[in-house]
Amino acid sequence: MDEVFAAASNRLTIDLAALTENWRQMGRLSGSARAAAVLKADAYGLGLEPAAQTLYAAGARDFFVASAEEGVALRPLVPEGRIFVLAGLWPGNEQLFFDHGLVPVINSEEQLAFFMAALSDHGDHPCALHVDTGMNRLGLSLGEALSLADDPARPASFSPVLIMSHLACADDPAHPLNRRQLDAFRQAQQAFDGVEASLANSAGIHLGPYYHFDLTRPGIATYGGEAVNGVPNPMRPVVTAEARIIQIRDVARGETASYGGSAQFARDSRVAIVAIGYADGYHRSVSGAGVTLRQAMPSGAKGFLNGHVVPHLGRVTMDLSLFDVTDLPQADARPGDYIELFGENIALDDVARAGGTIGYELLTSLGRRYDRMYIEAE
Ligand SMILES: *Cc1c(COP(=O)(O)O)cnc(C)c1O
């Protein structure tokens, strides 16, 4: 462990071996389909470069990013990889796609028209076609896609390398929209006979083989997050977040702590003051039990300190949080100790739930104050 990491106020340990294993596991669950790697938003907050290099070394060759800029950053990291840009292209950024070998996902009739016009100047370039099957976010409607497939005037140069759609409710396997989207997607796929097809994200992979087609797009599960509601998460945790205890305070029964006097003490207590706050993506909504910032989730986040689970107290502030260490032996709660916020012992998604959000949002809002250590895959 390097000295900076050993002394850091906040630190992230990112286990690239677990990342590899999770991605391979999603590949196995994808059956005969290939698994792509989804690297948008700085690889879900983990860091684009180490995540991309790790998954490329593990064998990934298809990659999804959100924007052309993310694609440009990814290009040198995955020399033989095919990079799909989910937002597609628009007037003014088409050259990025041509110069860096990025595959635009065509999401609308407008993008299609613009892409075709750009091709007439540039010559052939691959694209993917996104068909909306019920999410109502991006994509040609099924009707638009079917008429495009049948259009005798369809430009010969329009030959998508992938047809894709995105599931709205895959985290809820019993939701009827899953089946309706599958049926709609099959129609689109049949109309573009011979073109590879992709429907499933992490949760969609768990819906079973009908949903797998040729290429799956696991994101959150690769990063250790929960994909399917209400079932134990089978993935290995990838990210561990820790922060340092700056001070231990004794607080007398009847006193309060934090803004608004939001932590109230019914007994003499010991409180750990920890260097983590909402500026680090430790959301204010994970504040301690009884703090009325949440609509639905009554219990606050918990931390893990020297073998003990400790509850968060009062409101999360910008840089600091309080945890109740009253029940710990003194030797187990000392200034300078690190408390785990989530990772091996405290599930990412439990903290997310405490804040009324999802693991995706916690990971992608981690902020810049952590020192990061990457555990190498091999
Ligand atoms: C983010 C995203 C994914 C990955 O989804 P997870 O739920 O993280 O597995 C797949 N496809 C599209 C279109 C996405 O936007």
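How many helices and how many strands are there in the chain? Keep that in mind as a warm-up for the exercises below, which all work on a predicted model.

**Exercise 1. Take stock of the chain**

Task: count the helices and strands, then give the extent of the C-alpha trace and the share of buried residues.

Solution.
- Step 1. Counting elements gives 12 helices and 19 strands.
- Step 2. Along the principal axes, the C-alpha trace spans about 80 × 45 × 35 Å.
- Step 3. The chain has 378 residues, and 53% of them count as buried.

**Exercise 2. Read the parallel sheet**

Task: work out the strand order in the open sheet of 7 strands, and find which strands stand at the edges.

Solution.
- Step 1. Reading across the open sheet, the order is β3-β4-β5-β6-β7-β8-β9, and the pairing is parallel.
- Step 2. The edges are held by β3 (37-38) and β9 (196-198); each has a single partner strand, so one side of each is left without a neighbour in the sheet.
- Step 3. Now pick one pair from inside that order: β5 (residues 82-85) and β6 (residues 102-106) are joined by 3 bridges in the parallel sense.
- Step 4. For a residue-level check, look at V85, which stands opposite P104 in β6.

**Exercise 3. An enclosed strand**

Task: decide how many residues of strand β18 (residues 338-342) are buried, and find how β11 pairs with β18.

Solution.
- Step 1. Use the cut-off for buried, which is under 20% relative accessible area.
- Step 2. In β18, 5 of the 5 residues are buried, so this strand is largely enclosed by the rest of the structure.
- Step 3. Strand β11 (residues 239-251) runs antiparallel to β18, and 4 bridges join the two.
- Step 4. To locate the pairing in your viewer, start at A243, whose bridge partner in β18 is I339.

**Exercise 4. Describe the largest pocket**

Task: give the volume of the largest pocket, then say which residues, helices and domains build its lining.

Solution.
- Step 1. The volume of the largest pocket is about 760 Å³.
- Step 2. Its lining holds 36 residues, and those closest to the centre are K40, R137, H166, N201 and Y360.
- Step 3. Helices that each supply at least two residues of this lining are α3 (40-44), α10 (202-205), α11 (348-354) and α12 (359-364). The largest share comes from α11, with 3 residues.
- Step 4. Sorted by class, the lining has 20 nonpolar, 9 polar and 7 charged residues.
- Step 5. Domain 1 (31-216) and domain 2 (239-375) each contribute at least three residues to the lining of the largest pocket.

**Exercise 5. The second largest pocket and the cavity**

Task: describe the second largest pocket in the same manner, then look for cavities of 30 Å³ or more.

Solution.
- Step 1. About 200 Å³ is the volume of the second largest pocket.
- Step 2. Of its 16 lining residues, G224, N233, P237, A347 and L348 lie nearest the centre.
- Step 3. Helix α11 gives the largest share of this lining, 3 residues. By class there are 8 nonpolar, 4 polar and 4 charged residues.
- Step 4. Searching the whole structure for cavities of 30 Å³ or more finds 1. The largest cavity holds about 30 Å³ of space.
- Step 5. The cavity lining is made up of H130, V131, D132, T133, M135, R137, L138, S165 and H166. These divide into 3 nonpolar, 4 polar and 2 charged residues.
- Step 6. Compare the residue lists: R137 and H166 line the largest cavity, and both are also among the residues closest to the centre of the largest pocket.

**Exercise 6. Backbone angles and cysteines**

Task: for F213 and N306, give phi, place and exposure; then count the disulfides.

Solution.
- Step 1. Recall the background: most residues other than glycine have a negative phi.
- Step 2. F213, not a glycine, has a positive phi of about 50°. F213 lies in the loop between α10 and β10 (215-216), and with a relative accessible area of 16% it is buried.
- Step 3. N306, again not a glycine, has a positive phi of about 45°. N306 sits in the loop between β15 (302-305) and β16 (308-313), and is partly exposed at 41% relative accessible area.
- Step 4. A disulfide needs a pair of cysteine sulfur atoms within 2.5 Å. By that rule the count is 0 disulfides.
- Step 5. Finish with two cysteines: C127 is buried at 1% relative accessible area, and C169 counts as buried at 13%.

Methods. Residues are numbered from 1 along each chain as its sequence is written. This is a predicted model: local features need pLDDT of at least 70, side-chain atom pairs count only at pLDDT 80 or more; totals for chains, interfaces and linings use all residues. Side-chain values use heavy atoms; hydrogens and water are left out. Buried means under 20% relative accessible area, exposed over 50%, partly exposed in between (1.4 Å probe, protein chains only). On a 1 Å grid over the protein atoms alone, a cavity is a set of points where a 1.4 Å probe fits but cannot get out, and a pocket is an open set with protein on both sides within 12 Å along at least five of seven lines; lining residues have an atom within 4 Å of a point. Grid points are joined across faces, edges and corners, and a volume is the space filled by probe spheres set on the points. Ala, Val, Leu, Ile, Met, Phe, Trp, Tyr, Cys and Pro count as nonpolar, Asp, Glu, Lys and Arg as charged, and the others, Gly among them, as polar. Domain bounds come from an automatic or database domain assignment. Two strands pair if DSSP finds at least two bridges between them.
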